[in-house]
Amino acid sequence: MTNLWLFGDSFATVRNLNYHDLTDDKMPQWVWMQQVARNLPIDTAHWCGLPGVSNEWIMNEIKKYTKDFNKGDYLIVTSTHINRRWFIKDKPDLGNIYLDNLNKLVTKKQARALKEYKETFLDQHLVLSKLYQEQFLAWCYSFAHTLGLKLCLLPAFDENPFFMHIKQYPGNIANSLVGVDEAEFVGRADKKYDLFHACEVAVDRRLCHLSEPNHTVLAQKIFKFFKYGEIIDLQNGFERNLFKNEQDVISYRPRDV
Amino acid sequence: MSKLWVFSDSYGFLPADRYHEWKDKHWYRLLSDKLGCTEDFKSIAHNGCANEWVSFQIEKNFDDIDENDYVVVVATDKNREWFFTNDVGVSNIYMHNVEDYISKNHAVAIDYYKHFLKNNYQSDIRFNWYINYIKYKFSNHKLIILPGFENNLIVFNDKFSTKGTLFEICQSEINQLKHHSWENWLRKNRHIDPRVGHLSYCNHQVLSDKLYNSFKRAENLDLTNGFYKDFL
């Protein structure tokens, strides 16, 4: 039996605070992982994503299923932002320690500990983030190699030469899933956050931070990587400038949700 | 000719004030000679450092390491963390007197961190990442990973089995540990281990022999047997 496994952050799950009843078991057919699953010769698909998590949580989830993987299974991992940490065990979704309202979501003592940590060790936190990312990616390759899995590592935020099947660009060209997400907005990242702020939309209404046409583009690229070994280019081929103004953001509603 | 590279915590450290006495006796020097390596072996090591500092050093030096070179990486305590960029040795935040080495503000932050943010599962996850990162990074080199403190979480070396830890050799030399704890023994010595690399010379020799045999013949690396014991 061949399985498809997906682990990751908010790019790997349809869970979204705007749609409380939406779970990965009930995701629309056009969502990228569903499209990948339909195209691959698999028997079952397993989804394991959670918004806001760190790579530590992702690794922990992958490891939990070690005995369930079969040789030849497909494993997709979205590697999340390098600065996230799994500091609070029962709240893995609070990996982003720079979240605005973090204090309201943790105990007073945890909040104080996070404040002290950020104020005292910020520079070193950034140094460690880069080291941890390389170590996490190396672990993924090693894990997949040991179990004979076909691995597709996708950079959600931060690029790294360790993403060997992702097209590398020189300079500061964003070549990650968040790059695809931000390019959907006219004016890219700055405009995206301005619009969210202006609309008082706290949470992205898109599923996996992408609009429907880009789910299809991403799914095709992943499929071609698995089938033909094609390098994945996250910079080209995607739809851009889909959101121009506040109305576009407010009126957005994903199909079949 | 090949070169020996050692990345380590105190087990691979040779203090400057004991350099002349120990430069030809340390396990890595003995190993380098046995392997027929060049004289200019490299030991990049620091007392009390964390694995993160070691991986930073590996990244920094990686381009200079030839595929024919030998590499030994000592994996240190999984709970150490590289908090202070320049005070590399203050990574053991559970050290009894850690506050003597850092400012009051740092001590407060560390204390909160230890109590509310630091968890063993994080240390286990990162330790697992780290060991796999080393294996991956040096997959084309001749590599041995030496367990410093833990050997129950992961396979350290794929070509042979690895039993025990350097800490076990270090402790087994001390006869008094039958009656006292390691902490008490250290306290009696004013918190300074008088040995270099936490081993006596006789065990530096044994360790270098074992590492040589693992490198050359893929012999299992047993750190629990064959060492001199109970003589301190």
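Visitor: Before anything else, when do two strands pair here?
Guide: Two strands pair if DSSP finds at least two bridges between them. Strands (E, at least two residues) and helices (H or I, at least four) are DSSP runs, numbered from the N terminus. This is a predicted model, in which local features need pLDDT of at least 70, side-chain atom pairs count only at pLDDT 80 or more, and totals for chains, interfaces and linings use all residues. Residues are numbered from 1 along each chain as its sequence is written, and chains are lettered from A in the order in which they are written.

Visitor: What stands opposite Trp5(B) in β3(B)?
Guide: That position is taken by Val71(B). The strands β1(B) and β3 (residues 70-75) of chain B run parallel, joined by four bridges. In β2(B), Trp5(B) has Lys42(B) as its bridge partner.

Visitor: Which residues of β1(B) are buried on each side?
Guide: Leu4(B), Val6(B) and Ser8(B) are buried on one side, Trp5(B) and Phe7(B) on the other. Buried means that 20 or more other C-beta atoms, placed from the backbone, lie within 10 Å of the residue's own.

Visitor: Turning to the chain contacts, how many residues of chain A are in contact with chain B?
Guide: There are 28 residues of chain A in contact with 27 of chain B, contact meaning C-beta atoms, placed from the backbone, within 7 Å. On the chain A side, α4(A) supplies the largest share, 22 residues.

Visitor: And which residues does Val73(B) touch?
Guide: Leaving aside residues up to four places away in sequence, Val73(B) touches Phe7(B), Val54(B), Ile134(B) and Ile145(B).

Terms used. Two residues are in contact if their C-beta atoms, placed from the backbone, lie within 7 Å. A residue is buried if 20 or more other C-beta atoms lie within 10 Å of its own, exposed if 12 or fewer, and partly exposed in between; C-beta atoms are placed from the backbone.
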